[in-house]
Amino acid sequence: MRRMDPLQCFPKKYPVLVLLSAVYALVWTRSPVAAAGRSCADTRQVYSEKGYSTGTAPLTQISGEHLRLCPQDYTCCSSQMEETLALQSERDYLKAVEDNSQFLLTTFTQRHRRFDEFFRELIDLSEKSMNQMFTKTYGRLFTQNAHVFQELFVELRRYYSGGSVSLAEVLSDFWSRLVERVFSLVNPQYQFSEDYLECVSKHAEQLQPFGDVPRKLRVQVSRAFIAARALSQALATGRDIVNKATKLTADSECVRGLMRQWYCPLCRGVPFLRPCHSLCLNVMKGCLANQADLGTEWNNFIDALYQVSEKLEGPFNMELATDSISVKVSEAIMHMQENSVSISTKVFQGCGNPRPAPGRSKRSPKESGSNRRPFRTYSPEEKPTTAAGTNLDRLVTELKERLRPMQGFWVSLPHTICNDEKMAADVTNEDRCWNGQTRGRYLPDVTGDGLVSQINNPEVEVDIARPDVRTRQLIMELRVATNKLRHAQTGQDMDFMDSEEGSGSGGGDHGERYNDDWPGYGPYYPPYNKPPHNPVSNPAKPPRIRERNGSKWNRNNGHGRVKSASSPPTFSLLSLLCLPFMATIAPLWR
């Protein structure tokens, strides 16, 4: 009897049905048994290479009903392995964030140290140069009054270091003390009491014994020191913010997403299959949602840092400012000596006739100065030297090169991590990657950036109604730092806006230009700050140390003389309210 072919049992007009039935039978006979018996050798090897014991690792795939994070198909992972790998995924995530932000941390830390050392060295060398040059030029005249200059540099250092010091007051006090000392030196034939010298210093603004030098030095030094301090503080702020922002803790939903993309393929027995690029982006954007919210303020901060560093290259150059202190002080002293006769005459008219010094005949300032070493200015080769082995232009150039790639860092961080071939498959490899369930294309769309955009994130469930408190604090810190930098760009110190508004002491001197100014830069006023008042409206500054009760200045007789040289003079703090009276005494200073 002839054996019948099994395929002859099916009608010839249904060949497709025959083929499908055969395939179905083949799959049905292989699926459960074959999957359950698949080797877990690759999974065990990778798991062991990570330093974990394979004691609980199955030799072949087992049912995955015990899994909590990965798909519950046949698996090479025990419950203990899944828990261990979940913790490993969190560590990998934190390390990825740390590694990719290391550039920021290193840049801010190193740049802050280099700029801080450089600025401090410039101040030290400026003081050292002044001491050397003035000792050589003025001899005992300088050494006997060296404390006046020492106090100036002590206060400049204190300001730069972040002290609550007003640069305007520091420089004003310096010139007040200096005019007292120089006035005594150009009039050695007289004996001046402390009260008399106080009268001289209090009216130095009207006398202008040093010409226009104090104003020019104030503008140059204030601008440079404000910018230098703002830059140094901002670099430290950037370092601290990066440190805080990268000290992360992954919540349970983030860990679930991390585990599903990185180690569920290992449990599935395909340890070398990378997560799809879009899957990685959704997981990272969900985990880093709060960091992405730093983006706008971070970019503003980097922009402001860049602009201040440019100002330090140009009109706010710290090297030029510290170099100029000795030179401009010398020019000021020279100006006062050259005009000592007219200045002394005005002082005698306003403060009264001083007593002659014992053993000296009364001579004019010009005669009395003929036998003394003359004051002089310095030649260019005597100017102070800059910090050895360093250069401000080079430091600024290096900083600007490192600031450019920092733009958009926090928003682009998920892309940076997922672009690493160890973390995710290439974007072009969309069909041969892990899609969260198996090998194949990842279909969901990539979500947007920031906390609010995660409302539809398919991989990480994020509570958009609960913003991270620490991130909000970092945003405020960035805003404060950026505001300080923006004020520094116009030579204004935000810490002293209230006390110095109107005096120009922030270094702005709006409406005035110098040959070292950038062309085309107008004054910057934030919308919540008013422009400085007219400097003329400033009330007279109160005495530094010695208190005044009454004023000989306001008790002049008709000839502009005072009756006594010993009673203490003062100047009215309400000068604007006493214009008629001021008009009467004004000719005394002309």
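# Close-ups of a predicted model

**View 1. Helix α18 and what packs over it.** On α18, the buried residues are Leu 392, Leu 395, Val 396, Glu 398, Leu 399, Lys 400 and Leu 403. This is a predicted model, so treat every close-up here as a look at computed coordinates. The cover over those buried residues includes α3, α9 (213-245), α14 (295-313) and α15 (318-338). The helix itself has the length you'd expect: twelve residues at 1.5 Å a residue should span 16 Å, and the end C-alpha atoms are indeed 16 Å apart.

**View 2. The start of α18.** Zoom in on Asn 391 here: one of its side-chain oxygens comes to within 2.9 Å of the backbone nitrogen of Asp 393. Among the buried residues of this helix are Leu 392 and Leu 395.

**View 3. Arg 114 and Glu 398, a salt bridge between two helices.** The closest N and O atoms of Arg 114 and Glu 398 sit 3.2 Å apart, and the two residues form a salt bridge. It ties together distant parts of the chain: Arg 114 belongs to helix α3 (residues 79-138) and Glu 398 to helix α18 (residues 392-403), with the two positions 284 residues apart in sequence numbering. Is each partner buried or exposed? Glu 398 counts as buried because its relative accessibility is 19%, and the cut-off for buried is under 20%. Arg 114, at 28% relative accessible area, is partly exposed. Arg 111 joins in as well, so pan out a little: Arg 111, Arg 114 and Glu 398 are linked in a network of salt bridges.

**View 4. Two further salt bridges.** A search of the whole structure turns up 21 salt bridges, and here are two of them. Arg 239 pairs with Asp 240, the closest N and O atoms being 3.1 Å apart. Both ends are partly exposed: Arg 239 has 23% relative accessibility, and Asp 240 has 32%. In the other pair, the side chains of Asp 431 and Arg 441 meet at 3.1 Å, N to O. Asp 431 and Arg 441 are ten residues apart, each in the loop between α19 (409-418) and α20 (469-488). Asp 431 is partly exposed at 45% relative accessible area, and so is Arg 441 at 42%.

**View 5. Cys 40 and its surroundings.** Look for Cys 40 in the loop between α1 (15-36) and α2 (41-49). With 1% relative accessibility, Cys 40 counts as buried. What does Cys 40 touch, leaving out residues up to four places away in sequence? The list is Pro 58, Leu 59, Thr 60, Gln 61, Thr 75 and Cys 76. Leu 266 is worth showing in the frame too: its C-alpha lies 9.4 Å from that of Cys 40, although the two are 226 residues apart in sequence.

**View 6. Where to go easy on the detail.** The protein chain has a mean pLDDT of 78, with 72% of its residues at 70 or more. Residues 1-34 stay under 50, and the model gives them five contacts beyond four places in sequence. Residues 361-389 are also below 50 in pLDDT, yet this stretch has 66 contacts in the model beyond near neighbours in sequence. Where pLDDT is low, the predicted coordinates should not be read in detail.

Definitions and conventions. Residues numbered from 1 in each chain as written. Predicted model: local features only at pLDDT ≥ 70, side-chain atom pairs only at ≥ 80, totals over all residues. Heavy atoms only, no water. Helix = DSSP H or I, 4+ residues; strand = E, 2+ residues; numbered from the N terminus. Buried < 20%, exposed > 50% of the residue type's maximum accessible area, 1.4 Å probe, protein only. Contact = heavy atoms within 4.5 Å. Salt bridge = Lys/Arg side-chain N within 4 Å of Asp/Glu carboxyl O. Expected span 1.5 Å × (residues − 1). Polar contact = N/O pair within 3.5 Å; in protein donor to acceptor, adjacent residues only side chain to side chain. pLDDT = per-residue confidence, 0-100.
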